[in-house]
Amino acid sequence: MSVNPEIATRKTLRYVDDRLASASFLRRTFNKVFPDHWSFMLGEIALYSFIILILTGTFLAFFFHASTSELVYNGSYVPLKGVEMSEAYASTLHISFDVRAGLLIRQIHHWAALLFVASIVVHLCRVFFTGAFRKPREINWVIGTALLTLGILEGFAGYSLPDDLLSGTGIRIGFSVLESIPLVGEYAAFLLFGGNYPGQEFFPRLFIAHVFLLPGIIAGLIGAHLMILWHQKHTDFPGPGKTEHNVIGSRLWPTYALKGQGFFFLTFAVLAALGAFFQINPIWLWGPYKLSNVSMLAQPDWYMGFLEGALRIFPNLESQFLGVTIPWNVFLPSIVLPGLLFTLLGVYPWLEKWWTGDKGYHHVLDRPRDNPTRVGIGCMALSFYVLLFAAGGNDAIAATFSLSVNAVTWFFRGAVFIVPPIAFYFGKRIALGLQHSDRELLAHGKETGIIRRLPSGEYIEITTPISDHARAVIERRPMIEEPAPDTGHPRPTRGSQAYPRGGMVATAQRRLSDFFVERRTRALPPGRPTDGNGHGNGHGPNGDPDAGEPLRNPSE
Amino acid sequence: MSSDEPRKPEDLGNQPPAAEEARLRRRPVRRQQETERHPEAARETESQRTRPWEEPEYTRPSHASEVTSEPQAEQVDAAAMLRAERAVTAMFLLSVLGTALFCFGFVFFSLHNSNYGQTLNLVIGAGLTISLFGLGAGFVMWAKKLMPHEDAVQEREPMHSLEEEELLTEELFLKGADELGIPRRKLLRRTALLALGIFPIPIVFALRDMGPLPGKKLYHSGWRKGVRLVDLDTQQPIKVGDLPVGGYATVMPEGFGSVNEFPTGPTMLIRLPPGVNQPAKGREDWAVGGHVAYNKICTHAGCPVGLYEQQTHHLLCPCHQSTFDVPRACKVIFGPAGHPLPQLPIYVDKDGYFRAQSDFHVPPGPSFFWRKSKTPAGEQEAKKA
């Protein structure tokens with residue numbers, strides 16, 4: 001008996017459609033168009049890492065015991081035989097040495113966690129620098145910020161579970177951080193830990209948070225993130241034929257589905273290779289956690305590094321007054337600072353909207369250079385983050401380069417204030433410079449390196465016109481003065497009344513707006529002749545003043 | 001709702017449903033398709049279905065959708081296609097080999113051997129990597145090399161509804177709220193808010209048993225008057241002469257049981273060279289012959305202050321590099337710690353064993369909001385003085 005695959009497929013589809021009336025939905029789904037760009041796959045890496053985390057984590061949960069009950073180890077790892085340790089640590093050793101593929105899965109799980117947060121951060125940078133967070137995608141930006149925060153918490157919880165010497169130290173610091181919260185700190189810490197540190201209750205609680213509560217919330221938010229993305233359709237870079245009203249790319253079925261599936265396997269393959277060939281967190285070398293012991297050069301997983309750095313370089317401020325103590329040295333760097341950073345990150349779309357006055361829809365992405373001030377802000381934030389991260393390894397830096405750890409710490413204490421403004425300036429200048437070079441390209445074409453001598457004795461350089469694609473990309477540069485794309489019907493915007501005169505808020509907004517908007521290169525007038533060799537074009541006494549310096553704020 | 005609401009389109013709600021539906025029609029194309037399908041919806045059994053694809057004159061419709069796609073006029077190079085097909089096939093076969101390697105790894109390598117199954121981990125890891133890589137590369141190459149490149153164009157629908165639809169929804173919602181009388185029934189509204197507002201308060205009581213209140217727990221380290229200092233690891237009491245000059249030991253009160261019971265108990269007993277210690281005022285008799293005892297739990301974030309520098313007599317916390325100057329009452333000389341490590345007053349009994357004079361006088365461990373500057377033991381001493 002042979003089955004005709006075509007008939008079978010049709011029958012299956014009809015069977016489903018007869019029950020769900022799904023044909024129209026499915027057709028739209030198959031036809032959904034995804035634009036092609038490598039940077040659009042960064043978020044996919046995060047999604048695939050999460051799936052791999054769920055798969056490998058489920059396997060680990062079969063064998064892991066979240067308990068701090070003490071026992072004497074009697075597994076197959078000889079150096080620790082007879083050592084007293086917690087059940088959690090012993091079961092992690094069991095996974096690593098006595099479960100088939102246990103070590104491989106554990107290492108893949110750990111690498112996937114690192115990749116999960118890393119890909120979220122890189123994806124966030126892509127979305128930030130290309131302005132993909134602008135209307136109508138602000139909600140997804142906030143969800144993304146929440147996912148980053150939860151991803152870091154989830155990673156910290158997982159990292160703490162094996163109860164080895166390193167991770168136990170992390171929990172101890174966590175308890176102190178809770179204690180440092182004014183008014184409620186010690187009560188919160190005692191309730192969460194079920195008593196004084198270390199307590200018996202905390203590990204089962206941490207485990208249920210790690211395997212159920214946090215992943216559940218993360219999965220829900222990822223679902224919302226994807227559904228919104230699906231509904232709003234993906235943004236795209238400028239290019240020929242691309243407008244605010246269309247998406248150009250390949251359809252879900254079959255091309256994109258095939259590519260996506262392949263990309264999932266490739267991500268998994270990279271993580272499997274990492275798990276197989278690159279040892280991570282060899283907990284049997286750290287030994288079981290004892291609260292009186294600690295190891296040198298203790299560092300958390302990378303995503304906690306910026307908090308660790310903030311804790312390390314913060315000055316030793318502690319206030320005692322009216323019978324109470326406020327440990328600023330812990331509370332500010334580990335509670336207030338991350339709270340502030342993630343809040344600023346989450347509200348950034350509205351901040352930018354506030355100072356640009358740009359309320360329009362944007363489906364076509366900026367190239368980073370299109371918004372130099374945003375590039376500057378991004379560089380500023382990233383440099384601050386990277387410095388805090390590096391400060392988290394001040395002892396490692398000091399040891400590697402034979403420096404005084406005090407000098408390294410003082411360096412970071414200064415650098416976190418000095419470097420970010422410099423990064424802002426250079427980020428902005430580089431973006432403006434790139435705009436400038438775009439103008440040159442448009443006006444003169446590409447340099448070929450060939451110099452030709454004319455019969456008159458004059459020398460000119462031969463240039464070739466740039467491609468249609470490059471031209472479309474450059475000419476599309478959005479101007480802030482450009483009216484917002486037609487949205488179909490008039491919507492309540494602040495429009496001409498956006499910046500009423502007078503009032504402190506309005507003045508501040510106007511000033512910020514000037515700062516943010518003015519220093520852009522003016523777009524070229526349309527239909528400008530480009531003769532291809534630059535001859536007499538912007539050079540000599542009859543040159544075109546327009547081709548020269550970028551438009552500057554006259555006040556500067 | 002206020003009566004001067006200008007946008008309230010009373011007439012919209014009163015129109016016949018058909019007109020309203022026409023007004024709400026957003027995606028004309030899809031609506032049309034649905035009406036075309038409508039007669040089919042009336043059929044009741046599957047046997048009544050037609051099978052148009054079995055008719056001889058049936059031709060597949062070009063993909064009917066909002067998407068337009070113009071396959072690019074590419075020269076289809078048959079030889080290149082064949083090569084690509086072979087390459088993809090090779091990838092899938094590679095994946096099969098990888099899967100086989102994963103399985104046979106368990107046959108040929110043991111988990112329990114001299115290198116603790118590291119070889120097995122490498123072999124099955126390589127197998128899994130190859131298996132996944134073959135699948136992934138195969139799929140991606142299939143999509144990239146064997147599929148015609150297309151630039152499908154899809155129109156974006158505006159990310160907002162037609163204004164009439166927005167208005168209708170607003171009106172519907174506001175009408176419902178009006179029927180509920182939320183704006184009108186002030187008392188109802190307020191009591192409802194009150195009831196909902198205090199509803200979560202019982203959670204606080206329900207969660208109360210998550211843990212005990214701190215009470216005095218953060219003030220007690222387990223040390224008390226007369227208790228001997230025992231080595232944390234060997235549990236042996238420490239005698240004068242056990243420590244060489246410059247030596248140190250982590251000590252606990254004798255009979256402590258588990259260190260987890262006394263998380264701020266671990267204490268560093270350090271033997272300073274003669275004449276180095278500069279005791280603080282009122283602490284002149286807290287040290288014995290160069291032996292000083294300081295709490296080991298960092299006053300910053302609670303890590304054990306585990307590094308003792310013999311030459312400089314500094315205690316360094318490896319977590320955040322707080323540095324304490326041992327001869328000068330463990331004053332903070334660098335790093336983020338906010339206050340010195342508490343000192344344990346010690347003495348030597350007639351048998352030569354170290355004993356504690358009392359508990360710490362200031363609370364050990366990191367700071368917290370309601371922290372008092374003295375422990376009960378410290379207050380007693382202050383009264384005596």
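How many bridges pair strand β5 (residues 267-271) of chain B with β6(B), and in which sense, parallel or antiparallel? The legends below take up this pairing and other parts of the model, which is a predicted one.

**Figure 1. The open sheet β3-β4-β5-β6 of chain B, with the pairing of β5(B) and β6(B).** Strand β5 (residues 267-271) of chain B and β6(B) are joined by 5 bridges and pair in the antiparallel sense. Within this pairing, T267(B) is placed opposite N295(B) in β6(B). The sheet as a whole has 4 strands in the order β3-β4-β5-β6 (chain B), is open, and has antiparallel pairing. Its edge strands are β3 (229-231) and β6 (291-295) of chain B, each of which pairs on one side only. Between neighbouring strands of this sheet the average turn is 40°, with direction ignored.

**Figure 2. The open sheet β7-β8-β9-β10 of chain B.** In this sheet, too, the pairing is antiparallel, and its 4 strands follow one another in the order β7-β8-β9-β10 (chain B). Because β7 (307-309) and β10 (331-334) of chain B stand at the edges with a single partner strand each, one side of each is left without a neighbour in the sheet. Neighbouring strands here are turned against each other by 30° on average, direction again being ignored. Strand β8 (residues 314-316) of chain B is held in register with β9(B) by 3 bridges, in the antiparallel sense, and L315(B) has F324(B) as its bridge partner in β9(B). Strand β9 (residues 323-325) of chain B is also where confidence in chain B is highest, at a mean pLDDT of 96.

**Figure 3. Strand pairing across the two chains, between β4 of chain A and β2 of chain B.** Strand β4 (residues 246-251) of chain A and strand β2 (residues 152-155) of chain B run antiparallel and are joined by 4 bridges. Among the residues concerned, G249(A) has A152(B) as its bridge partner in β2(B), while I248(A) is partnered by V153(B). The side chains alternate along β2(B): A152(B) and Q154(B) point to one face and are buried, whereas V153(B) and E155(B) point to the other face and are not buried. The two bridge partners named here, A152(B) and V153(B), therefore point to opposite faces of the strand, and of these A152(B) is buried and V153(B) is not.**Figure 4. The contact between chain A and chain B.** The contact takes 95 residues from chain A and 80 residues from chain B. On the side of chain A that touches chain B, helix α10 (residues 252-277) of chain A gives the most, with 16 residues. Sorted by class, this side of chain A has 45 nonpolar, 34 polar and 16 charged residues. The model scores ipTM 0.86 and pTM 0.88.

**Figure 5. The surroundings of F62(A) in helix α3 of chain A.** F62(A) is found in helix α3 (residues 42-63) of chain A. With 9 other C-beta atoms within 10 Å, F62(A) is exposed. The C-alpha atoms of F62(A) and I95(A) are 9.6 Å apart in space, although the two residues are 33 residues apart in sequence. In chain A as a whole, which has 18 helices and 8 strands, buried residues make up 40% of the 556 residues. Of the contacts in chain A between residues at least 6 apart in sequence, 74% join residues at least 24 apart.

**Figure 6. Domains and confidence in chain B.** The domain assignment of chain B gives domain 1 (78-147) and domain 2 (220-385), and the C-alpha centres of these two domains lie 59 Å apart. Chain B has 9 helices and 12 strands, and buried residues make up 30% of its 385 residues. Of the contacts in chain B between residues at least 6 apart in sequence, 56% join residues at least 24 apart. The average pLDDT of chain B is 84, and 83% of the residues score at least 70. Confidence in chain B is lowest in helix α1 (residues 10-14) of chain B, at a mean of 43. Over residues 1-17 of chain B pLDDT stays under 50, and the model has 11 contacts beyond four places in sequence for them; over residues 19-35 of chain B pLDDT likewise stays under 50, with 8 such contacts. Where pLDDT is low, the predicted coordinates should not be read in detail.

Key. Residues are numbered from 1 along each chain as its sequence is written. Chains are lettered from A and ligands numbered from 1 in the order in which they are written. pLDDT is the predictor's confidence in each residue, from 0 to 100. Two residues are in contact if their C-beta atoms, placed from the backbone, lie within 7 Å. A residue is buried if 20 or more other C-beta atoms lie within 10 Å of its own, exposed if 12 or fewer, and partly exposed in between; C-beta atoms are placed from the backbone. Two strands pair if DSSP finds at least two bridges between them. Axes are lines fitted to C-alpha atoms, for helices over the stretch in contact, and angles run from 0 to 180 degrees between N-to-C directions. Ala, Val, Leu, Ile, Met, Phe, Trp, Tyr, Cys and Pro count as nonpolar, Asp, Glu, Lys and Arg as charged, and the others, Gly among them, as polar. Domain bounds come from an automatic or database domain assignment.
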